[in-house]
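Okay, thanks everyone, I'll keep this short. Let me put the structure up, and then we'll go through the backbone oddities and the overall build.

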Amino acid sequence: MNVYDGWRIAAMLTHRGMVQTQNVSDADIIILNTCAVRAKATDKVFSALGRIRRAKKPSALFGIVGCVAREAGATAFRRIPDLNFVLGPQSYHKLPEIIENPDAKLFNIDLGGLEKFDSLPQMERSPRIAYIPIQEGCNHCCTYCIVPYTRGRELSRPFDACMRDTIHAAKTGAIEICFLGQNVNGYKYTDENGNIYRLSDLIRETAKIPEIMRIRFTSSYPTEMTDDLIDMFRTEPKLLPFLNMPIQSGAPEILKRMNRPYSLELYCDIINKLRIARPDIQISSDFIVGFPGETDSDFEQTMKIAQQIKYINSYSFKYSPRPHTAAAIMPNQIQENIKAQRLAALDNCLNEIQRDFNESCVDKTLECLLEGPDKTGNHLIYRTPFMQQCIVAHRENAPELAKIKITAANKASLRGKIID
Ligand code: SF4
């Protein structure tokens, strides 16, 4: 979601005649787009602002947008008095106001709804993978999560607006569409005639667009994985066989304390249905280790479910207490060294599963999407349908979508050869 917000901010300013620079000392306006999901990310924002303040031109405007802006609120101006703007994730479309009135302080952290989407200019050229936000905010209120506070209650964008953005992306260069939302599979929009639109409707319509060859969505909440959506994996070949559906913990007691009220049986049942619908589907998850009260036995259950489901491409984190959340004040907070040990054990396990899966791809031919050259310029990086990185030798006019024979694999990536 932050990557998407960054694109839209860049497009908004480009539309006003500005050009991008990576050099802080050249910039007339410096925008830090921020994430508040973990404490470490928030801390980094304020040390980065200190560095920017010293490096920027005296006349340059600087400030923060996104979830840290919402979390810090007006205290951001107290910590860094010469900040020019603090705009929450629903208010960054107001950024041009500071350019028009540079002597004022611009502050807006309202959770105003979805109006930003209608007031942002479209991008002239879309990237090959276009992110289309279809809903924002979340009603699930997991006890560790700051998102309901920073992004607000769940709102689904009108179906027509989502399709308008999708068609625009397709006509301006996108090959893959990734629908975005904090609770993306909870997407539900009712129009003025009472017609209800779900994520499966968006997928079905998008698959009819000839330019779009790949569709995916993230991030999914287990109990919102309805049968109509599962069926899309069976009927719609453009929908990639890859799904991020975070389980967070394998221990029922911890899931209860996280306020994620699904049983392991229900979760596994959904995975089984998905595998029946699409036998090659691969699942990814997010994990939190060291949640308050997590015992050794709870953690063992997380390790067990990771091995049982064989998650690929997963993300695991140490629990990080966040303000405005219930878990931050729960008793039995876990010591940092225990969190670190558990994280290392889980990462090892997930890495082994990833390596096994990557090795199982050797000698297979996968249709992959070009991302671009690597840092050396000697190779091209493609993305497989399972989101693995696949490296091939550089060549001119390489196809954007290529059939690649996989020749080698390690934990991090695949190597392959384009089949002409
Ligand atoms: S479902 Fe995701 S975004 Fe919503 S509260 Fe839970 S962790 Fe946060």
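**Backbone oddities first**

Let's start with Ser-219, which sits in the loop between strand S11 (214-218) and helix H10 (227-235). Before I go on: this is a predicted model, so please keep that in mind throughout. What's odd here is the peptide bond from Thr-218 to Ser-219: that one is cis, with omega near 10 degrees. For background, most peptide bonds are trans, and most residues other than glycine have a negative phi.

That second half brings me to two more loops. His-324 isn't a glycine, yet its phi is positive, near 65 degrees. You'll find His-324 in the loop between S15 and helix H14 (336-360). Buried, exposed or in between? His-324 comes out partly exposed, because 13 other C-beta atoms lie within 10 Å, and that class sits between the exposed limit of 12 or fewer and the buried limit of 20 or more.

Then there's Asn-397, again not a glycine and again with a positive phi, near 50 degrees. Asn-397 belongs to the loop that links strand S18 (389-393) with strand S19 (401-409). This residue has 4 C-beta neighbours inside 10 Å, so it counts as exposed.

And one glycine: just after H1, Gly-17 takes a positive phi of about 90 degrees. While we're at that end, how far apart are the end C-alpha atoms of helix H1? H1 covers residues 2-15, so with 14 residues at 1.5 Å a residue you'd expect a span of 20 Å, and the end C-alpha atoms are indeed 20 Å apart.

**A strand-helix-strand piece**

Next, have a look at S14 (residues 286-289) and S15 (residues 315-318), which run parallel and are joined by four bridges. One pairing you can click on is Asp-286, whose bridge partner in S15 is Tyr-315. Put helix H13 (residues 296-309) together with S14 and S15 and you've got a right-handed β-α-β unit.

**Zooming out**

Overall, the chain has 14 helices and 20 strands. Along the principal axes, the C-alpha atoms fill a box of roughly 60 × 60 × 55 Å. For 420 residues, a compact globule would have a radius of gyration near 22 Å, and the chain has 22 Å, so the two agree. As for burial, 37% of the 420 residues count as buried. And if you take contacts between residues at least 6 apart in sequence, 69% of them join residues at least 24 apart.

Conventions: Residues are numbered from 1 along each chain as its sequence is written. This is a predicted model: local features need pLDDT of at least 70, side-chain atom pairs count only at pLDDT 80 or more; totals for chains, interfaces and linings use all residues. Helices (H or I, at least four residues) and strands (E, at least two) are DSSP runs, numbered from the N terminus. The expected span of a helix is 1.5 Å times one less than its number of residues. Two strands pair if DSSP finds at least two bridges between them. A crossover is right-handed if, with the strands pointing away from the viewer, the path from the first strand over the helix to the second runs clockwise. The radius of gyration is taken over C-alpha atoms; the globule rule is 2.2 Å times the number of residues to the power 0.38. Two residues are in contact if their C-beta atoms, placed from the backbone, lie within 7 Å.
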